[in-house]
Structures are given as C-alpha cells and as structure tokens.
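Reader: I've got a model open and some labels to query. Mind walking me through how they were assigned?

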Amino acid sequence: MKNIVIIGMPGVGKTSVADAIGAITGQTVIDIDREIEKQHGPIPDIFREKGEPHFRAIEKQTVAQAAKTENTVIATGGGSVLDEDNIRALRASGTLYWIRRPLEELAQNGRPLSAGGMNALKTLWDERKELYAEAADSEIKNETIKGTAEEIIKKHGQR
C-alpha cells in the first residue's frame, strides 16, 4: 500500500495526525522533523547555528530516505514543499494529504519560521499556499486530531 504523506503549515498538527493514524492502523510513522532532531539535534539550533539552507539540505536527505519506505505514515516538515525533489519523492511514495486550519489556530512554540507570530505565519502562508495546493492529492480541514486521522484513513482506503 502506498504511504500516507501529510503536508501543511508549521503547527497545523501534522505530527499529531500522523501519530493518530499510526495508532489506529498500526502503520509505522516517520516524522521528518523528529528524524532530523534524532540525528542532528534541535531544529531551532540548526537554524541558529548553521542557517536555513543547511537545514533544508538535511531535510531533503531525510525526505528522500523516508520516501523509500512502504506502508508508512510520513509527517513532513512545513517547508518540505519548498523543494521540488521532495515533492517528487513523496508523490512517488504515496498520497499527499494537505491538512489545514486557520492561521490563528496554528501552534508557534519552538518553530523557527513561525516565531515571529501572526505576521510571520501570514508571510509563510503567502509563500507556500500554492505549493501545498499543487502538491496535495487531497485537502482536509484539521478540526480534531482523531477526526482528521479517521478522514485520511477513509480516503486512503478508497485509493
């Protein structure tokens, strides 16, 4: 079975939804940001010490590795859509589900690119919304973690 790939803005709940899907289905969950932190340390430190381009290179390697798996739930980083190679690898690997919620409901703690509050989130949204829309096979409003997970499982079973 193809992978379930979750994309969306930082703080939208990608990790929580992926973990819920994994708990319901028994599938392995690969969270790109967690994998990066296991190998390279906290993401805010990577941004601060080595910059965003270095982080994106690590992210690209991590996405490529995750995309080689099968029957997995992959929670991407919010900026994974910035690299066309990431999108190609993820698309070849599975079905991309774009989860959304209003900007004012997004978590901002510990997220380097959304640390500037609502103005930073609005800027990220303006830069990325078309990329998410183009990459996504399906768009889902994240109202509750469990409900969103169940909706993705249902849609994925129909593919």
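Author: Sure, starting with the sheet: five strands make an open sheet in the order 2-3-1-4-5, with parallel pairing. It's a predicted model, where local features need pLDDT of at least 70, side-chain atom pairs count only at pLDDT 80 or more, and totals for chains, interfaces and linings use all residues. Residues are numbered from 1 along each chain as its sequence is written, and side-chain values use heavy atoms, leaving out hydrogens and water.

Reader: What makes strand 2 and strand 5 the edge strands?

Author: Strand 2 (28–31) and strand 5 (138–141) each pair on one side only. Pairing takes at least two DSSP bridges between two strands.

Reader: How do you know that strand 2 pairs with strand 3?

Author: Four bridges join strand 2 to strand 3 (residues 72–75), against the required at least two, so they count as a pair. Thr28 stands opposite Thr72 in strand 3.

Reader: Why are Phe55, Ile58 and Val63 in helix 4 called buried?

Author: Buried means under 20% relative accessible area (exposed is over 50%, partly exposed in between; 1.4 Å probe, protein chains only). Those residues are among the buried ones in helix 4, along with Arg56, Glu59, Thr62 and Ala66. They cover an arc of only 165° around the axis, going by directions from the helix axis to the C-beta atoms, which puts them on the same side of helix 4.

Reader: And which exposed residues sit on the face turned away from that buried side?

Author: Pro53, Gln61 and Gln65 of helix 4.

Conventions
Helices (H or I, at least four residues) and strands (E, at least two) are DSSP runs, numbered from the N terminus.
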